[in-house]
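Dear colleague,

Please find below the sequence and structure that I am handing over to you. My findings follow directly after them.

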Amino acid sequence: MSPRHRPWEEAADFQIGLRPIPLADWLEGGEADPAARKDPLFERVRDLVWAETPGSQAGQAEAAAMVEAALGPAPAQRGLPALYAAARRVPDDLCLMEKRDGQWRLAALSLSAGGFFTAAEAIGKSLEELHGPVTGFGERFLVRVQRVFEGLRPELVLERRNWTVLNSADLHTPSSAPIRAQIPDIDPREAGRVLCLRVERQTLRRLPQTGGALFTIRVWLAPLSDLAADPERLAAFANAWRAATPDLRAYKRFDLYDDLVEAFLRDPQPA
Ligand code: HEM
């Protein structure tokens with residue numbers, strides 16, 4: 001197997017990277033029972049994986065109806081917030097964005113595979129606040145992204161992807177500290193097995209009735225060693241790793257992984 005999405009082959013820098021895709025391709029599926037992964041988190045660490053604001057119920061219901069239109073009807077889930085009930089049916093995390101006081105803000109989210117952020121931290125934040133840690137986002141991207149939200153047509157589905165390398169095969173990674181603390185213990189000969197390519201495939205759609213937008217995040221993980229069987233893919237990854245811009249490298253903390261990744265590239269063993 002090689003990673004399903006390979007965004008590193010496309011850009012060495014941060015990018016907006018939104019492109020229209022056919023409606024039929026909106027949700028990728030591919031996980032037998034997302035609820036079996038999400039429900040225990042919802043029970044145990046709810047603040048990390050779920051949050052909603054007052055007044056978001058109509059938007060949640062519309063987002064849930066959109067998921068239902070794509071997947072077909074499901075038995076009613078009494079007692080669960082509508083957006084979470086919908087998120088239990090899909091591998092993706094679901095983020096409801098609504099315009100409040102002139103700003104696009106996170107009105108509700110089910111975030112079972114958060115990449116170093118949590119529902120409790122993110123709820124209510126504007127696009128600008130959410131992207132505070134992203135180097136240069138305010139100057140380079142914010143206005144354009146806000147315009148995308150304003151201009152979303154109901155029939156449009158936009159997709160973007162990002163990638164990073166992480167020493168974790170878990171989807172649920174709310175914080176970086178415990179993961180990074182393990183890096184010094186990784187045997188360089190094991191780097192291909194222990195380090196994972198982590199790709200987020202994100203989509204954005206308008207909710208025509210309530211006027212909000214539904215942002216989905218689907219995380220794909222594959223060990224680096226999955227690249228080893230294909231010399232061309234391996235070379236493309238090596239190139240992406242070494243060509244990444246200083247800002248991108250700093251934001252993703254590639255410095256922590258340089259020695260391990262280079263050790264893997266010197267002696268790439270298939271999984
Ligand atoms: C659809 C338009 C959007 C664009 C173009 C965009 C762009 C970006 C970019 C360039 C990054 C840096 C990592 C990467 O390359 O992905 C990023 C990170 C992030 N984005 Fe977005 N984003 C969008 C929408 C959203 C929405 C709706 C949310 C709400 C959940 C969000 C939440 C975040 C968070 C939490 C991060 C990580 C920030 C951190 O490091 O703490 N983004 N985004």
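Please note that this is a predicted model. I have arranged the findings by region.

The ligand site

The ligand occupies the largest pocket. Two or more residues of the shell around the ligand come from each of E3, helix H8 (142–151) and strand E5 (157–166). In total, 19 residues surround the ligand, and the closest are His 131, Pro 133, Arg 160, Asn 162 and Tyr 251.

For three of these residues, a distance to the ligand can be given. His 131 places a polar side-chain atom 2.8 Å from a nitrogen atom of the ligand. In Arg 160, a polar side-chain atom is 3.1 Å from an oxygen atom of the ligand. For Asn 162, a side-chain N or O atom lies 2.7 Å from a ligand oxygen atom.

Trp 163

Trp 163 belongs to strand E5. With a relative accessible area of 5%, Trp 163 falls under the 20% limit and is therefore buried. Leaving aside neighbours within four places in sequence, its contacts include Pro 7, Trp 8 and Ala 11, as well as Leu 197, Arg 198 and Val 199. Phe 237, Ala 240, Trp 241, Lys 252 and Phe 254 are also in contact with Trp 163. Of these partners, Lys 252 is 89 residues from Trp 163 in sequence, while the C-alpha atoms of the two are 9.2 Å apart.

Thr 135

Thr 135 sits in the loop that runs between helix H6 (127–130) and helix H7 (137–140). Its relative accessible area is 32%, so Thr 135 counts as partly exposed. Not counting residues up to four places away in sequence, Thr 135 touches Phe 14, Asp 247 and Tyr 251; Tyr 251 is also among the residues closest to the ligand. Thr 135 and Leu 207 are separated by 72 residues in sequence and by 30 Å in space, C-alpha to C-alpha.

Helix H1

Helix H1 spans residues 34–44, and its buried residues are Pro 34, Ala 35, Arg 37, Lys 38, Leu 41 and Phe 42. Viewed down the axis of H1, these buried residues lie within an arc of 160°, so they line one face of the helix. The exposed residues Glu 43 and Arg 44 are on the face turned away from that buried side. Among the elements that cover the buried residues of H1 are helix H2 (46–49), strand E2 (50–52), helix H4 (82–87) and strand E3 (93–100). Strand E3 thus appears in both settings, because E3 also gives two or more residues to the ligand shell.

Yours sincerely

Definitions and conventions
Residues are numbered from 1 along each chain as its sequence is written. This is a predicted model: local features need pLDDT of at least 70, side-chain atom pairs count only at pLDDT 80 or more; totals for chains, interfaces and linings use all residues. Side-chain values use heavy atoms; hydrogens and water are left out. Buried means under 20% relative accessible area, exposed over 50%, partly exposed in between (1.4 Å probe, protein chains only). Helices (H or I, at least four residues) and strands (E, at least two) are DSSP runs, numbered from the N terminus. The arc is that of the directions from the helix axis to the C-beta atoms. Contact means heavy atoms within 4.5 Å. A residue is near a molecule or strand if one of its heavy atoms lies within 4 Å of it. A polar contact is a pair of N or O atoms within 3.5 Å; within protein, one must be able to donate a hydrogen and the other to accept it, and residues adjacent in sequence count only if both atoms are side-chain atoms. On a 1 Å grid over the protein atoms alone, a cavity is a set of points where a 1.4 Å probe fits but cannot get out, and a pocket is an open set with protein on both sides within 12 Å along at least five of seven lines; lining residues have an atom within 4 Å of a point. A molecule sits in a cavity or pocket if more than half of its atoms lie within 2 Å of its grid points.
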